[in-house]
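Trainee: I should like to work through this chain by question and answer. May we begin once the model is in view?

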Amino acid sequence: MISLPLPPTIQELVSGTISVNTPSDCKHDGIGLSLEGTISLQLDNKNILLDTFSSSLKPVQIALASFEMVKPGRFPAGTTEIPFEVKLQPLNGKVLYETYHGVYITIQYMIKVEMKRSVLNRDLLKGIEFVVEVPESYDGSNDKPKVFNITPESLRNVAETGRLPKFCIKGQLDSTAFVITKPMTGELTVERCDIAIKSIELQLCRVETCGAGEGFAKEATEIQNIQIGEGDVCRNFPIPIHMVFPRLFTCPTLTTNSFKIGFELNLIVIFEDDHLVMETFDIQLVRPK
């Protein structure tokens, strides 16, 4: 068993305990510990660019350290605890990024412990993921409310706006740059709608871009969807917008030479006839120092 404390930041020590539980004396050929950090990029098999640069998207190792924790010997019956500390630092020429689990991009950090045993017994391997957070300087330049006014005329990619019901939805997001540890907030008001409303929803999407010099592939996928209004909501009544960012599936907005991680918020209004309209907002996530 491996136990770890709270998430570390860059240059901090990753500390924990290795617990060896055995009902009787146990002979071993040594215990080793390794810390690994990797970036994995994966493209949709339907993407036409996949064959062009799939060879450039192999997992990239950004952190690696290994240590011998215990020399060959024997463990007595019962529980033996072995504390450890490993400094979290990148490989030469590499940069550490925040832990992130997406559909096409994954940034992951692992502690692995291996107990070597004799030829007749398989080696024992145990791994545990730990979360890395990377606070950065942020000047607050994007801390401005985003005011919106949604009408049939304001919608994009609509061929015949005349077939839509007359409606007017106004509101604001309190910012377009949100601290990842705090909820996204705002409000909206349905001032007019000539048809009954069935539901009002917020959809948080990740926008992942990955590739190489030969080209890039960009995909948007849903992270979570919450309902903020059910049924034919009251007109001219403020409806609060409140969404908490899920920890493993979001990270501060990130741009590198080989991949990008961004986020969008979709405001979706579904009418009683199941037709819907959607407004998309680009948002920035930050983790200030």
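Mentor: The discussion below goes from the whole chain to its strands, its core and one residue. The model is predicted: local features need pLDDT of at least 70, side-chain atom pairs count only at pLDDT 80 or more, and totals for chains, interfaces and linings use all residues. Residues are numbered from 1 along each chain as its sequence is written, and side-chain values use heavy atoms, with hydrogens and water left out.

Trainee: How many helices and strands does the chain have?

Mentor: Helices (H or I, at least four residues) and strands (E, at least two) are taken as DSSP runs, numbered from the N terminus. On that basis, the secondary structure of the chain comes to one helix and 20 strands.

Trainee: Which strand is joined to β4 by 11 bridges?

Mentor: Two strands pair if DSSP finds at least two bridges between them. Strand β4 (residues 31–41) runs antiparallel to β5 (residues 60–70), with nine bridges, and Ile 31 stands opposite Val 70 there. On the β9 side, Ile 39 has Ile 107 as its bridge partner. The antiparallel partner with 11 bridges is strand β9 (residues 105–115).

Trainee: Which strand gives the most residues to the largest nonpolar core?

Mentor: A nonpolar core is a set of buried Ala, Val, Leu, Ile, Met, Phe, Trp, Tyr and Cys residues joined through side-chain atoms within 4.5 Å, where buried means under 20% relative accessible area, exposed over 50%, and partly exposed in between (1.4 Å probe, protein chains only). The largest such core has 67 residues, and Ile 107, Phe 259 and Ile 261 are among those with the most contacts inside it. With seven residues, the leading contributor to this core is strand β19 (residues 259–271).

Trainee: How many residues of strand β12 are buried?

Mentor: Strand β12 (residues 167–173) pairs antiparallel with β11 (residues 146–150) over five bridges, and Phe 148 has Gly 171 as its partner. Seven bridges join β12 to β14 (residues 184–193), also antiparallel, and one of the partnerships is Lys 170 with Thr 189. Strand β12 is mostly covered, and of its seven residues the number buried is five.

Trainee: Why does Lys 87 count as neither buried nor exposed?

Mentor: Lys 87 is in strand β7 (residues 78–87). Its C-alpha lies 5.9 Å from that of Glu 12, although the two are 75 residues apart in sequence. Lys 87 counts as partly exposed because its relative accessible area is 42%.
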